[in-house]
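User: I'd like to learn how to read a fold step by step. Could you walk me through it, with the general idea and then the case at hand?

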Amino acid sequence: RAEKANGLPIFYGDAARQEVLAHAGIRQARQLAICVSDHEAGLRTVEMARRLNHELHIVARAKNMSNVEPLIKMGAHRVVAEEFAGSLEMVSCVLNEYLLSKEVIDDNLSSLRGNQQAKWQALFETLHPAEGGTTLPTGISVELRKVHTGSALANKPLFESGLRTKTGTTVVAIQRGEGIFIPNPRAEELLLPDDHVIIMGTTKQLASAGPLFTPLCAPALAAPPVVSDAGCGGEKHG
């Protein structure tokens with residue numbers, strides 16, 4: 001009642017009921033987060049939500065690891081298991097006792113979390129092959145690009161990189177070395193040499209972003225290179 005008084009759109013009811021979900025706008029929703037810990041209630045909610053909106057992205061909560069697969073079979077895209085999250089917290093406490101750095105601990109946790117999520121995602125794609133692929137709109141793609149030493153991006157924060165402002169592409173994630181994966185990086189995140197960056201955009205936008213990742217041409221070039229018909233020497237070809 002207090003949150004509703006503050007203007008938040010809150011509806012009270014059984015989320016597994018069609019009327020409640022419809023009243024909350026399930027047919028127009030883009031994503032649904034099911035936060036109840038009751039396994040049966042979660043299953044019923046997933047089933048009803050999938051029936052009302054086939055395009056809906058569903059994230060569900062599970063109390064135990066054994067509850068993950070049934071939720072995925074029912075149609076949840078991602079499942080957060082309390083048992084698994086608690087195990088990661090215990091791993092963090094154990095590693096911290098050995099005075100390991102926060103970076104090392106985070107790397108270990110990221111690796112464990114990533115491996116488990118990959119297994120669950122593979123399970124979802126096996127059970128729901130029609131939905132396992134990308135949900136990106138037509139004409140939008142993703143590419144993996146490497147930041148080369150001497151490129152326009154090397155050692156620059158994202159907000160100064162020009163990827164968004166100059167090319168229109170969006171940085172989805174950064175893979176750094178063997179164990180560091182940075183999803184949805186902040187604007188202040190530095191792009192380091194040898195980083196692998198996942199970018200998203202149209203074919204034209206991705207093509208315009210390509211030259212930013214490669215080493216810069218000779219210093220004599222003052223104007224931006226024209227990729228289609230100019231080389232590093234500034235001479236036009238063809």
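**Reading the sheets, helices and cores**

Analyst: Let's start with one pair: Ile174 has Ile182 in β7 as its bridge partner. Keep in mind that this is a predicted model.

User: What does a bridge partner tell me, and how many bridges join β6 to β7?

Analyst: Strands of a sheet pair through backbone hydrogen bonds, either parallel or antiparallel. Here β6, residues 170–176, is joined to β7 by four bridges, and the two run antiparallel. Another pair along them is Gln175 with Phe181 in β7.

User: What links β6 and β7?

Analyst: They make a hairpin with three residues between the strands. Look at Gly177 in that turn: its phi is positive, about 65 degrees.

User: And what order do the strands take in the sheet that holds them?

Analyst: Read across, the order is β4-β9-β6-β7, an open sheet of four strands with antiparallel pairing. The edges are β4 (140–146) and β7 (180–183), each of which pairs on one side only. On average, neighbouring strands are turned by 20 degrees against each other, direction ignored.

User: β9 is next to β6 in that order. How many bridges join them?

Analyst: Five bridges, with β6 and β9 running antiparallel. For a landmark, find Thr170, which stands opposite Met200 in β9.

User: Which helix packs on this sheet?

Analyst: Helix α9 (residues 203–213) does, touching β4 and β9 (196–202). Its direction makes about 150 degrees with that of β9.

User: How do I find the side of α9 that is covered?

Analyst: Pick out the buried residues and see where they point. In α9 these are Leu206, Ala209, Gly210, Leu212 and Phe213. They cover an arc of only 160 degrees around the axis, which puts them on the same side of α9. Their cover includes β4 and β9, along with α7 (158–161) and α8 (163–167).

User: Now for the other sheet. Which strands make it up, and is the pairing parallel or antiparallel?

Analyst: This one is an open sheet of three strands in the order β1-β2-β3, and the pairing is parallel. β1 and β3 are the edge strands, each pairing on one side only. From one strand to the next the twist averages 15 degrees.

User: Where can I see a pair in it?

Analyst: Go to β1 and β2, which run parallel and are joined by four bridges. Ile34 has Ala60 in β2 as its bridge partner. α3 packs on this sheet, touching β1 and β2, and its direction makes about 170 degrees with that of β1. α5 packs on the sheet too, touching β2 and β3, with about 55 degrees between its direction and that of β3.

User: How do I check whether a helix has the expected length?

Analyst: Compare its end-to-end span with a rise of 1.5 Å a residue. For α3, the 14 residues should span 20 Å, and the end C-alpha atoms are 20 Å apart, which agrees. For α5, with 16 residues, the reach from first C-alpha to last is 23 Å, close to the 22 Å expected.

User: Which residues of α5 are buried, and which are exposed?

Analyst: Phe84, Leu88, Ser92 and Leu95 are buried in α5. They sit on the same side of α5 because they cover an arc of only 90 degrees around the axis. On the face turned away from that buried side you'll find the exposed residues Met90 and Glu97. After α5 comes Leu99, whose phi is positive, near 60 degrees.

User: What about α3?

Analyst: Its buried residues are Ala41, Gly42, Leu43, Thr45, Val46, Met48, Ala49, Arg50 and Leu52. What covers them includes α2 (18–23), β1, β2 and α4.

User: Last feature: which residues of the largest nonpolar core touch the most other members?

Analyst: Ile58 and Leu71, out of 26 residues in that core. Elements giving two or more residues to this core include β1 (31–34), β2 (57–62), α4 (68–74) and α6 (102–127). α3 gives the largest share, five residues. Beyond its neighbours within four places in sequence, Leu71 has contacts that include Leu43, Val46, Ala60 and Val79. There is also a second, separate core of 15 residues, with Ile174, Ile182, Ile199 and Ala209 among them. That brings us back to our opening pair, Ile174 and Ile182.

How values were computed:
Residues numbered from 1 in each chain as written. Predicted model: local features only at pLDDT ≥ 70, side-chain atom pairs only at ≥ 80, totals over all residues. Heavy atoms only, no water. Pairing = 2+ DSSP bridges. Axes fitted to C-alpha atoms, helices over the stretch in contact; angles between N-to-C directions. Contact = heavy atoms within 4.5 Å. Core = buried A, V, L, I, M, F, W, Y, C linked by side-chain atoms within 4.5 Å. Buried < 20%, exposed > 50% of the residue type's maximum accessible area, 1.4 Å probe, protein only. Expected span 1.5 Å × (residues − 1). Arc of directions from axis to C-beta.
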